[in-house]
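Me: I'm new to this one, so could you take me in close where the chain begins? After that, please carry on through the rest in one go.

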Amino acid sequence: MFALVDATLVRPHPDRLGVEVTPGATLVVEGGRIASIDGPIPADAECIDAAGRLVTPGLVDAHTHAMFLGDRAVEFCRRAAGTSYLELAQAGGGIVATVSPTRAGPSSERVDRTKRRLRRLLSGGVTTVEVKSGYGLSSPSERAMLEELAAIDDADLPRVLPTLMAAHALPPEVGGDAGARAAWVRTVVDELVPEVAARRLAGRVDVFVEQTAYTADEARLIAAAARQHGLALHLHVDQLTAGKGAELAAELGAQAVAHLERTGAEGVAALAARGTVAVLLPTATLAAREPGYAPARKLVEAGVPIALATNLNPGTAPTESTALTFFLAAVGLGLTPEETFWAATRGGAMALGIVDRGLVVPGGPADLVLWNAQDLAHLAYHAGVNHVRTVWREGRRVADRPWADEDCDGAL
Ligand code: NIG
């Protein structure tokens, strides 16, 4: 049992954008749960003095591709020199460039590399993380990735929620063969989705709808299978080209839809009417050198719930940095510190359909972060610097960065 005293407590609202900030708060944690807020401190509780610093729920990173092998630094340099992400993908690079090293690597290496990335996310304050398959692109390798993700059940890492993304790119074997393409989509629909649902290997299915990936009609087939087998639907849309993807997400009743860089007013209105969560990935917008960020302000004004995620992947978001993501949420998306924080916690939980995370409530799980800063603005403003001091997952101290006290005390 422990008590955090003199905390500046940040409590995201459970069901609407916004946070409540309470200075001088006391939090008692017992048995992995929040026992009380501003109640008496039991005599046997270990007291931790937050000294006015922020105490918040753990971050919920609702969109990552954290399981892969190899890197794409060569493509990164080519993009810096002016070749677009779309051009690289059309020339056989992009996602499929990560498929052969990921398929080839031994399972132990896939797991080891993923765990290292999860550890880095944890030290940035992430206590729950969604991880997609999608660099296997064959039945055996997609299955293997999901089995490996399910096996990463490590109390010292963030909680992992796996997603089936066999429709991330077309398998390299398909080439331009229309029959092979249709056969692969049927494999996803008839084989992978039912098996993954029956074995509970993932809670949702994701599809990349894009000129270089899957069509709206293919997404409709996969969505129908997901619905039939009780899996939630996520989509990647409107990232590289404007494809009316937000309208498609609303039509299909997607739980969450990511990217939206090229979504227009009709797409925003459709999402608002449907209640689909918009997952914002500003790191990818910057790293892929896209011309504009997702219309975050318009989404907020329309009442669309928003989530903010790292999108950790070897192509468009080669970083675990939550600090960089917060910075880009401000300067790229135009979100306030409070909106950013809500989107990175409760918004992420809503995107994943998990009711009890992204909150600080009595009786709720003690996924908590003590930050070495006294106000939310500092987390975005002090660009790219990790301000995490301590992370608890269900009451267990899982990351501790005592040097952060010396490193930065919340002033620049
Ligand atoms: O969300 N757009 C599709 N998937 C990733 C990119 C993955 C990759 O380039 O390897 C994204 O940006």
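**Starting with the hairpins**

Reply: Strand E1 (residues 2–12) runs antiparallel to strand E2 (residues 19–30), and eight bridges join them. Before going on: this is a predicted model, where local features need pLDDT of at least 70 and side-chain atom pairs count only at pLDDT 80 or more, while totals for chains, interfaces and linings use all residues. Residues are numbered from 1 along each chain as its sequence is written, and side-chain values use heavy atoms, with hydrogens and water left out. Strands (E, at least two residues) and helices (H or I, at least four) are DSSP runs numbered from the N terminus, and two strands pair if DSSP finds at least two bridges between them.

Look at Ala7 and you'll find its bridge partner, Ala25, in E2. E1 and E2 make a hairpin with six residues between them, and Gly18 in that turn has a positive phi of about 140 degrees. Then E2 goes on to pair with strand E3 (residues 33–37), again antiparallel, through four bridges. Glu30 has Arg33 of E3 as its bridge partner. This hairpin has just two residues between its strands, and Gly31 in the turn has a positive phi of about 60 degrees.

Now hop along to E8 (residues 159–167). Eight of its nine residues are buried (under 20% relative accessible area; exposed is over 50%, partly exposed in between; 1.4 Å probe, protein chains only). Strand E7 (residues 126–132) pairs with E8 in the parallel sense over five bridges, and Val131 is matched with Pro162 of E8. E8 also pairs with strand E9 (residues 204–208), again in the parallel sense, over three bridges; there, Ala167 has Val207 as its bridge partner. To get from E8 to E9, the chain passes through helix H6 (residues 178–198), in a right-handed β-α-β crossover (with the strands pointing away from you, the path from the first strand over the helix to the second runs clockwise).

E9 turns up again with helix H3 (residues 95–104), where Ile95, Thr98, Val99 and Thr102 are buried. They sit on the same side of H3 because they cover an arc of only 120 degrees around the axis (judged by the directions from the helix axis to the C-beta atoms). An α-helix has 3.6 residues a turn, so residues three or four places apart point the same way. The buried residues of H3 pack against helices H2 (85–90), H4 (107–123) and H5 (139–151), and against E9.

What about the nonpolar cores (sets of buried Ala, Val, Leu, Ile, Met, Phe, Trp, Tyr and Cys residues joined through side-chain atoms within 4.5 Å)? The largest has 96 residues, and Leu164, Leu235, Leu260 and Leu299 touch the most other members. H6 gives the most to this core, eight residues. Another core, of 17 residues, lies apart from it and includes Ile37, Ile48, Val360 and Leu370.

One last stop is Asn313, in the loop between strand E13 (306–308) and helix H12 (322–331). Asn313 counts as buried because its relative accessibility is 5%. Its side chain makes polar contacts (N or O pairs within 3.5 Å, one able to donate a hydrogen and the other to accept it; sequence neighbours count only if both atoms are side-chain atoms). A polar atom of that side chain lies 2.6 Å from the backbone nitrogen of Gly315, and the side chain reaches the backbone nitrogen of Thr316 at 2.7 Å. Leaving out residues up to four places away in sequence, Asn313 touches His65, Phe68, Tyr135 and Pro318 (contact means heavy atoms within 4.5 Å).
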